[in-house]
Amino acid sequence: MPKQFTLGKSERLKSRKAIDELFKNGKRFTVSPFRVFFVITKQTELQFGAGVSSKNFKKAVDRNKIKRLTREAYRLQKNSLQKLLKEKEKGLNLFFIYTEKEIKEYQHIYLQTEKAIKKLSAFINEDIS
RNA sequence: GCUACAAGCCAGGCUAUCGCUUCUUAUUUAUUUAGGAGGAGGAAAGUCCGGACAGCACAGAGCAAUGCACCGGUGAAUAGCCGGGUCUUGAGAAAUCAGGAACAGAUAGUGCCACAGAAAAUAACUACCCUCCUUCGCCAAGGCUACGGAGGGCAAGGGUGAAAACGUAGGGUAAGAGCCUACGGCUUUUGAUGGUAACAUCAUUUGCGGGUAAACCUUGCAUGCUGAAAUGCCACAUAUACCAUCGCCUGAGAACGGCUCGUUCGAUGAUGGAGGGUAGGCAGCUUGAUUCCGAUUGGUAACUUUCGGAACAGAUAAAUGAUAGCCCACGACAGAAUCCGGCUUACGGCUUGUAGCUUUU
RNA sequence: GGCUUCGUAGCUCAAUUGAAUAGAGCAUCUGACUACGGAUCAGAAGGUUAUAGGUUUGAAUCCUAUCGAGGUCA
């Protein structure tokens, strides 16, 4: 039986080229602390990345903290997206950028990530129809 | 008890659940799953110094640029560290104690020193003194002499200023002056003694023409440049096309990565513009001048010799986390990116020592 | 990871080969003008020159360290 709540290397957005493409041509929307970039692809893969601007957070410790919290919230909630994509036979490239200037609590980040994922699944449904 | 400084140590722990990453064993071999082991710091930071390592260059010469500047030691090396000297600040009656020093040269040259002040640097001006001339005045008719002029003495005094041409005392003189003498201060030469040396002490000798070199500069010493986005290999991909300028051996330019000489190369050529393609993987990549502990050799010390033991991450959009519970001091500063040695800065707790203040006895 | 520039009134800038009260404009405050307000005129206040040391008789300026804000190199 495979694990559910994983976030391994293959599930992260790693290619520099793909990221450049995402910021150039991807769609975007904003949910409270995050600005979400995404692109719907033909490969059936869900790839995710997170980032924080060094202008908003000067200390590397703070940036790491936020990225970890974001990854954690995404990891526990990405299953619904994965299921949807399998049904529709599509892929998705995702990037979350933290835009607030203060560190929020995990609970808040968790809730906002949930909203973002709901919005994403709505976009996927529209794209198909 | 509080505060400051110095030294040393620690950098929350345990349990459960879900996760990340490296290595390894087994299973399967598109690779997945399971087990085991490991997984940020004292500053990982600032990038202020010094190296290792790598590439290019390495016939050489000159210029420039940058850095350093008391002595000795230490170490791979430094602007680090240790010890010493000199100067200096504070405390003290003193011995001494505790700091600080960018501590070569101002007699190689140039520049600058506001205001004030006569003058901020070859000493001029004023003032003073002597001789001569003129003669207002006085007069006992011999002379004396103000002011002024000429020549000479050049040197004390001149209220300022941060700073004014050694200080004090005496002699000397027409008036004066290190002009001379004594004491003191600084300085130059030579010698002796002590010390590896800086230097110290003593003797001898030469002087006493400000400050500023964190102004230019001079002297001595050192330095080739670049920096893991270095570099090597594999894979993939295209554009020997277009425009401008120069040039095709009477030579554009390139290399010697600051410049010049000089040397070598040099024609489907060079530079610039605009544009096209690729930005995947492996090595470099983590065990090395390594760090720590114990004993030991040498040394005042920094450090070091030998032996034994222990420890040491390796990511690549970038790994150490999240949630819940318990305990305590309720957790500060803060996240490796080629690797080491130092310095600097940020900061929680505990222990020890020193100093100060306060309270009680 | 490397290199490099800057920091002056609330704001935008001067003064940068060291020389004494650090200056200008806008904004602020007070007064005049007006029935009131604006504009205008007159005046005032506002600075530990980012911070801490040092050199110098004297530092915004020179030097060192720190803090902060940019820029740039594939």
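Colleague: Which atom of Val61 is 3.5 Å from a phosphate oxygen of RNA strand B?

Modeller: A polar backbone atom of Val61. Keep in mind that this is a predicted model.

Colleague: Noted. What about Arg68, how far is it from a phosphate oxygen?

Modeller: For Arg68 the distance is 3.0 Å, and there the atom is a polar one in the side chain.

Colleague: And what part of RNA strand B is 3.3 Å from the side chain of Asn64?

Modeller: A base nitrogen, paired with an N or O atom of the Asn64 side chain.

Colleague: Which residues come nearest to the strand overall?

Modeller: Lys9, Lys59, Asn64, Lys65 and Arg75, out of 24 residues around RNA strand B. On the RNA side, 82% of the atoms within 4 Å of the protein belong to sugar and phosphate.

Colleague: How does that surface split by class?

Modeller: The surface near RNA strand B has 12 charged residues, 8 nonpolar ones and 4 polar ones.

Colleague: Which helices supply at least two residues each?

Modeller: α1, residues 16-25, and α2, residues 60-75. The largest share is from α2, with 9 residues.

Colleague: Switching to the inside. How many residues are in the largest nonpolar core?

Modeller: It has 27 residues, and Leu92 and Leu94 have the most contacts inside it. At least two residues each come from β1 (27-31), β2 (34-41), β3 (46-52), α2, α3 (79-88), β4 (91-98) and α4 (106-128).

Colleague: Which of those gives the most?

Modeller: That's α4, with 5 residues in this core.

Colleague: Is there another core, and how many residues has it got?

Modeller: There's one of 5 residues lying apart from the big one, including Leu13, Ile19, Leu22 and Phe37.

Colleague: Back to Leu94, then. What does Leu94 touch?

Modeller: Setting aside residues up to four places away in sequence, Leu94 touches a list that includes Leu13, Leu22 and Phe37. Also among its contacts are Val36, Phe48, Tyr74, Leu81 and Leu120.

Colleague: Now Ala116. Where is it found?

Modeller: In helix α4.

Colleague: Buried or exposed, and why?

Modeller: Ala116 counts as buried because its relative accessibility is 0%, with the cut-off for buried being under 20%.

Colleague: What is Ala116 in contact with?

Modeller: Not counting neighbours within four places in sequence, Ala116 is in contact with Phe29, Val31, Val36 and Phe96.

Colleague: And how far is Ala116 from Arg71?

Modeller: Their C-alpha atoms are separated by 14 Å, with the two residues 45 apart along the chain.

Key
Residues numbered from 1 in each chain as written. Chains lettered and ligands numbered in written order. Predicted model: local features only at pLDDT ≥ 70, side-chain atom pairs only at ≥ 80, totals over all residues. Heavy atoms only, no water. Near = heavy atom within 4 Å. Polar contact = N/O pair within 3.5 Å; in protein donor to acceptor, adjacent residues only side chain to side chain. Helix = DSSP H or I, 4+ residues; strand = E, 2+ residues; numbered from the N terminus. Nonpolar A, V, L, I, M, F, W, Y, C, P; charged D, E, K, R; others polar. Core = buried A, V, L, I, M, F, W, Y, C linked by side-chain atoms within 4.5 Å. Buried < 20%, exposed > 50% of the residue type's maximum accessible area, 1.4 Å probe, protein only. Contact = heavy atoms within 4.5 Å.
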